[in-house]
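The paragraphs that follow walk through one protein model, from a local detail of its backbone to its sheets and its largest pocket. Please keep the sequence and the coordinates open while reading.

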Amino acid sequence: RITHTPPFVDDMSATMNISAKVSAFSGARVSRANVAQQRVARQTVVRAEGTDYGLGLKCSPTAGKTIDPKGRAKVPLELEKGEMPLNTYKNKEPFVGKVRSVERIVGPNATGETCHIIIEHGGKMPFWEGQSYGVIPPGTKVNSKGKEVPHGVRLYSIASSRYGDSFDGQTATLCVRRATYWCPEMNKEDPSKKGICSNFLCDAKPGAEVMMTGPTGQVMLLPKDPATPVIMVATGTGIAPMRSYIRRFFLEDVPEWEFKGLAWLFMGVANSDAKLYDDEFQECAKRFPDQFRIDYALSREDTNKSGGKMYIQDKVEEYKDQVFQLLDGGAHMYFCGLKGMMPGILSMLEGVCKEKKIDYEEWLEGLKKNGQWHVEVY
C-alpha cells in the first residue's frame with residue numbers, strides 16, 4: 001500500500017496557486033479551486049493546525065533551490081538507458097540512504113505538517129518517475145504472536161524525477177505528511193498513536209540513515225511517447241508522482257524524451273496554506289503556458305455548484321467534456337491520493353458516456369487495455 005499520508009488524517013492537503021494563463025486547452029484557464037478529499041479515521045479528530053513540531057510554521061519554498069533559472073537543466077543522460085529498475089533492494093538487505101534535508105512545505109494554517117525530504121543514494125538506487133521507495137523505520141514492535149520484530153516497510157511515492165532535485169541522479173525526494181492523532185479525552189495529541197515512519201522521516205536530521213527498499217511499482221509509469229497528453233488528479237501527498245512527471249516534462253533537458261504533449265493537473269487540498277510545491281508549479285506554468293494547466297479545489301475555501309465543499313471530483317466534473325475528449329484521443333489519466341475521489345469521477349465519466357450513447361464499461365475497459373488508466377489510491 002502506498003502510504004503517501006498515514007491513517008490518522010483529516011483533509012489530506014497539497015496545492016498551488018497560479019495566475020490565469022492562456023493554454024492550448026479549449027477554454028483553458030487556471031483556477032484556484034480544486035479538491036481535497038477528506039479522510040477521517042473512525043472516532044478521530046485531527047487538530048494539527050498551527051502545531052510546531054520543530055521545523056517552525058512557515059512554508060519553505062522549493063523552487064529557488066530545485067529549478068535552474070536558466071532553463072532546462074542538464075542531466076546525466078545515462079539514466080535514460082537500460083531496463084527499468086525494480087526491487088533492487090529487499091527487506092532483508094535494504095539500502096542505507098542518508099537524509100540531506102527536511103523542510104516543512106506548508107503554511108501555519110495547513111491541516112497538519114507535510115515535509116519535503118531529500119535522501120542521498122549516491123546513484124546506487126536509481127528509479128523511474130512514478131515508482132516508490134519502501135522505508136523501514138528504526139526500532140521494533142511486538143507482533144500478534146508476542147514476538148519482537150522489526151517494523152514493516154512503508155511505501156512512499158517518489159516526488160522527484162530520476163535525476164533528483166539537484167539534477168545529478170544522486171538523490172531522491174519524498175513528500176511526507178506527519179501522521180498524528182488528537183485524543184478528545186486528553187485534549188491533545190496522543191504520542192502513542194502517532195505514525196511511526198512518517199514522524200521518523202519528518203524528525204530526521206541531515207546525515208540520518210534511512211533503510212530503504214525498492215524501487216517498486218509499474219502502474220504509474222509515464223507513456224513512452226512524450227507527445228501523449230497527461231491528465232493528473234491528486235489529493236494531498238498524492239502530488240508526489242505528479243511532481244516527478246512535471247519536473248521531467250518541463251525542467252530537465254532530455255533530448256530523446258522532450259515532452260510535446262499537454263499536461264493538466266487537478267489538485268485537491270484543504271486550504272491555501274496546505275498547497276504543496278506552489279512556487280514550482282507557478283514557474284512551470286510561466287515557462288510553458290501552452291502545455292501546462294492546473295485546476296485546484298480548496299475544500300475548506302471553495303464551494304461546488306451545489307454550494308457544498310469543493311472536492312476534486314467536483315472540479316474534474318466541471319471539465320468533463322474536455323477530459324473525455326482528451327481520453328478519447330489517447331490521453332493518459334493518473335490518479336494518486338485518497339480513494340474517496342474515485343467513485344465521483346467514475347460516475348461523472350459514466351454520465352458522459354450515457355450522454356454520448358457509449359457503453360461505459362466497454363469504454364473504461366478500453367482505456368485500461370490501452371494502458372491509459374493509472375490508479376494508485378489509498
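**A walk through the model**

Pro-215 has its place in strand S11, which spans residues 209-216. The model is a predicted one, and in it the peptide bond from Gly-214 to Pro-215 is cis, with omega near 0°. Most peptide bonds are trans, and most residues other than glycine have a negative phi.

Two residues depart from the second of these habits. Phe-167 has a positive phi of about 65° although it is not a glycine. Its place is in the loop between S7 and S8, and with a relative accessible area of 10% Phe-167 is buried. Tyr-277 also is not a glycine, and its phi is positive at about 60°. Tyr-277 sits in the loop between S14 and helix H4 (278-287). At 2% relative accessibility, Tyr-277 counts as buried, because the cut-off for that class is under 20%.

For the chain as a whole, the secondary structure comes to eight helices and 17 strands. Of the 378 residues in the protein chain, 56% are buried. Among contacts with a separation of 6 or more, 81% are between residues 24 or more positions apart.

Strand S11 belongs to an open sheet of six strands, in the order S7-S4-S11-S2-S3-S8, with antiparallel pairing. Its edge strands are S7 (154-157) and S8, each of which pairs on one side only. Direction ignored, neighbouring strands of this sheet are turned by 40° against each other on average. At one end of the order, strand S4 (residues 132-136) and S7 pair in the antiparallel sense over four bridges, and the bridge partner of Gly-134 in S7 is Leu-155. Helix H3 packs on this sheet and touches S3, S7 and S8; the direction of H3 makes about 145° with that of S8.

At the other end of the order, strand S3 (residues 114-120) pairs with S8 in the antiparallel sense over seven bridges. One residue to look up there is His-116, whose bridge partner in S8 is Cys-175. Is S8, as an edge strand, buried or exposed? Seven of the seven residues of S8 (residues 171-177) are buried, so the strand is largely enclosed by the rest of the structure. Both of its faces are covered. On one side Thr-171, Thr-173, Cys-175 and Arg-177 are all buried, and on the other so are Ala-172, Leu-174 and Val-176.

A second open sheet has five strands in the order S15-S14-S12-S16-S17, and here the pairing is parallel. Strand S15 (292-298) and strand S17 (373-377) stand at the edges with a single partner strand each, so one side of each is left without a neighbour in the sheet. From one strand to the next, the twist averages 10°. Strand S14 (residues 263-269) and S15 run parallel and are joined by seven bridges; the partner of Gly-268 in S15 is Ala-297. Helix H3 (residues 239-250) packs on this sheet too, touching strand S12 (230-235), S14, S15 and strand S16 (332-337). The direction of H3 makes about 145° with that of S12. H3 thus appears in the packing of the antiparallel sheet and of the parallel sheet.

Further along the chain, Met-348 is found in helix H7 (residues 342-355). At 6% relative accessibility, Met-348 counts as buried. Which residues does Met-348 contact, leaving aside its neighbours within four places in sequence? They are Val-316, Glu-317 and Lys-320. Val-316 lies 32 residues from Met-348 along the chain, and the C-alpha atoms of the two are separated by 8.6 Å.

The last stop is empty space. Rolling a probe the size of a water molecule over the atoms shows where such space is left. The largest pocket has a volume of about 370 Å³. It is lined by 13 residues, and the closest to its centre are Trp-128, Arg-162, Leu-222, Pro-223 and Lys-224. By class, the lining has six nonpolar, one polar and six charged residues.

How values were computed. Residues are numbered from 1 along each chain as its sequence is written. This is a predicted model: local features need pLDDT of at least 70, side-chain atom pairs count only at pLDDT 80 or more; totals for chains, interfaces and linings use all residues. Side-chain values use heavy atoms; hydrogens and water are left out. Two strands pair if DSSP finds at least two bridges between them. Helices (H or I, at least four residues) and strands (E, at least two) are DSSP runs, numbered from the N terminus. Axes are lines fitted to C-alpha atoms, for helices over the stretch in contact, and angles run from 0 to 180 degrees between N-to-C directions. Contact means heavy atoms within 4.5 Å. On a 1 Å grid over the protein atoms alone, a cavity is a set of points where a 1.4 Å probe fits but cannot get out, and a pocket is an open set with protein on both sides within 12 Å along at least five of seven lines; lining residues have an atom within 4 Å of a point. Grid points are joined across faces, edges and corners, and a volume is the space filled by probe spheres set on the points. Ala, Val, Leu, Ile, Met, Phe, Trp, Tyr, Cys and Pro count as nonpolar, Asp, Glu, Lys and Arg as charged, and the others, Gly among them, as polar. Buried means under 20% relative accessible area, exposed over 50%, partly exposed in between (1.4 Å probe, protein chains only).
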